[in-house]
Structures are given as C-alpha cells and as structure tokens.
Amino acid sequence: MDDEILRDLAARARYFESLSSLGAPRIAPVGGEIAVAAPRAAGPSSAPMAAAPTAVVPRPAPAYPNLEAIREWIGDCQRCQLAGTRKNIVFGQGNPNAQLMFVGEAPGADEDEQGLAFVGRAGQLLTDIIEKGMKLRREDVFIANILKCRPPGNRNPEPDEILQCHPFLEKQIETIHPKVLVGLGKFSCQWLLKTMEPITKLRGRMGTFNGIQVMPTYHPAYLLRNPSAKKDVWEDMKVVLTLLQG
Ligand code: SF4
C-alpha cells in the first residue's frame, strides 16, 4: 500500500472518528418519532480505519457573539490545501437571525469567483425553490457550505478538508440558531446527521443537529441533472414549511 493510500485512509479514519465523537445519529422518517439510531458501520472501506494512527484533537471552541466574529476567526484561512487554489473564501450569506438555514457542500466556480454561496446555476435553482416554491425571500434565510473554499474542478470534499473547515460552520449554526436546517446533498446531510448512509436513504428523513431539526434533501446541482427528483425536494420543503409555521 503506498503512502498516498495510507494518508487517505488515515484522513477518512479521523473524519469518521470525528463524526462518531459528535454523538449517535438521530434520524426518523417524516412524520414519525425521532429514534436514536445505533452507530452505523462505515461500509467495506471502513476496515482499515481501526488502525487510525492519530486521534482528532478538538479545536478550541471560543464563544463567537456574531457572524462577523466568526468571519474574523476564519481570517485568511490556510488550514487545508484548498487555500492554495481558491480565489475567495465563501463564508455564506443571508439573515443572521434566519429561522431557516441551508447547508451545501462547497463553493463552485461562480461562488469562488464572487465570494458568495449558491450564485451559479444550482444557486439559481435554490433561489427558485426558496422564492417560487416556498414563497420566502432568499435574503430572509441563511445559506452556507461545509467547505468555505472551492475544491479544484468541483471534486468531492476530502475528509481532512471537512475536518479542518467544519468548526466554522458549526459556529455559524450555533450563532444563527435557526429553527430548521436543510442539508443539501450527500456531504452536508451526512455531516449534519453524523452518519455515512447514502443520500438516497437519508433524503426526507428528519433528524437533528445539536437540537435543531434537520431536513436532508438533494443538492440543487443534482436536480439540474435529474429534474424528476424535484418532486421529492418539494415534498421535503413542504415539511420544512410546516415546521417553520409550528
Ligand atoms: S476550506 Fe475551510 S479550512 Fe480549508 S482553507 Fe478554506 S476556510 Fe480554511
């Protein structure tokens, strides 16, 4: 096994370890009772993870009174390799007191260029979901990603990158403290719900993140490729609207 594979396995081990350290996932079908699920195995690729060479040392979690303080904390972040290829850090934007917060995966090319979350084609679709579908104003919700910098070529986030970046999002969620979180796509939903289940199984099953209700759904970029899945997302958004009104 070469060094690169070993490094990748070690990073994945640290990521899965960090997920489990956040607590057992709480997932329930829509409309059902929320049950504490048993910790899940990470699948066949998890076998070598028992030999994780290093433990995750939690980053100190200072109190941040507002989003500006979190942005200052991020600074000109160099904590992961994405710092070397990004144009802009994409902090996320919207109402700092939003009742509804969307969490995506990572900035794309348009977002990297403008320094704003969800401004490309997928972002336009998300705007349509919010404004035409849910009849809300985009500026009244908050939209952010797990990663604040664009992975080159829009590749998937690496576990180490999520490990380095997720404390920023965690503090954003803590500060905004929305009533409902909507996870957009696999990486966001898995992180919010602390599970490695595939998005096809997670979608539409309510969970919680630090006591906040979470609706996992498909990423708008997936909807652009699979328009027939829009009806599933609409079903999820109807549940979210009910929760917001409750
Ligand atoms: S992705 Fe996050 S951790 Fe990595 S450089 Fe950007 S802000 Fe820092």
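**Exercise 1. How many of the eight residues of helix H6 (residues 186-193) are buried?**

Before solving, a word on the model. This is a predicted model, in which local features need pLDDT of at least 70 and side-chain atom pairs count only at pLDDT 80 or more, while totals for chains, interfaces and linings use all residues. Residues are numbered from 1 along each chain as its sequence is written, and side-chain values use heavy atoms, with hydrogens and water left out.

*Solution.*
- Step 1: fix the terms. Helices (H or I, at least four residues) and strands (E, at least two) are DSSP runs numbered from the N terminus. Buried means under 20% relative accessible area, exposed means over 50%, and partly exposed lies in between (1.4 Å probe, protein chains only).
- Step 2: list the buried residues of H6, which are Phe187, Ser188, Cys189, Gln190, Trp191, Leu192 and Leu193.
- Step 3: conclude. Seven of the eight residues are buried, so H6 is largely enclosed by the rest of the structure.
- Step 4: look just past the helix, where Lys194 follows H6 with a positive phi, near 55°.

**Exercise 2. Place H6 in the context of the whole chain.**

*Solution.*
- Step 1: count elements. The chain has nine helices and eight strands.
- Step 2: check burial, which covers 48% of the 246 residues.
- Step 3: consider contacts (heavy atoms within 4.5 Å). Of those between residues at least 6 apart in sequence, 70% join residues at least 24 apart.
- Step 4: turn to the nonpolar core, a set of buried Ala, Val, Leu, Ile, Met, Phe, Trp, Tyr and Cys residues joined through side-chain atoms within 4.5 Å. The largest has 62 residues, and Leu100, Met101, Phe102, Ile173, Leu181, Met237 and Val240 have the most contacts inside it.
- Step 5: follow one of these residues. Leaving aside residues up to four places away in sequence, Ile173 touches Met101, Pro178, Leu181, Trp191, Leu192, Phe209 and Ile212.

**Exercise 3. Which residues of H2 are buried, and which are exposed on the other side?**

*Solution.*
- Step 1: list the buried set of helix H2 (67-74): Leu67, Ala69, Ile70, Trp73 and Ile74.
- Step 2: view the helix down its axis. The buried residues fall within an arc of 155°, so they line one face of H2; the arc is that of the directions from the helix axis to the C-beta atoms.
- Step 3: turn to the other side, where Glu68 and Glu72 are exposed.
- Step 4: find the packing partners of the buried residues, namely S5 and helix H5 (159-176).
- Step 5: inspect the start of H2. A side-chain oxygen of Asn66 comes within 3.3 Å of the backbone nitrogen of Glu68.
- Step 6: inspect what follows H2. Gly75 has a positive phi, near 55°, and is partly exposed at 30% relative accessible area.

**Exercise 4. Examine the aromatic pairs, beginning with Tyr64 and Trp73.**

*Solution.*
- Step 1: apply the criteria. Rings of Phe, Tyr and Trp (its six-membered ring) pair if their centres lie within 6.5 Å; planes under 30 degrees apart count as stacked, over 60 as edge-to-face and the rest as tilted.
- Step 2: note that the structure holds four such pairs.
- Step 3: classify Tyr64 and Trp73. Their ring centres are 4.7 Å apart and their planes stand at 15°, so this pair is stacked. Both residues are buried.
- Step 4: classify Tyr218 and Tyr222. With centres 4.8 Å apart and planes at 45°, the pair is tilted. Tyr218 is buried at 11% relative accessibility, whereas Tyr222 is partly exposed at 29%.
- Step 5: look for a cluster; Tyr64, Trp73 and Phe168 form one.

**Exercise 5. Is His219 buried or exposed?**

*Solution.*
- Step 1: locate His219 in the loop between strand S8 (212-217) and H8.
- Step 2: read its relative accessible area, 14%, which means that His219 is buried.
- Step 3: trace its side chain, which reaches the backbone nitrogen of Ala221 at 2.9 Å.
- Step 4: list its contacts, not counting residues up to four places away in sequence: Glu105, Phe118, Ala122, Leu184 and Gly185.
- Step 5: pick up Ala122 from that list. Ala122 is also one of the buried residues of H4, a helix of 13 residues (121-133).

Note on methods. The expected span of a helix is 1.5 Å times one less than its number of residues. A polar contact is a pair of N or O atoms within 3.5 Å; within protein, one must be able to donate a hydrogen and the other to accept it, and residues adjacent in sequence count only if both atoms are side-chain atoms.
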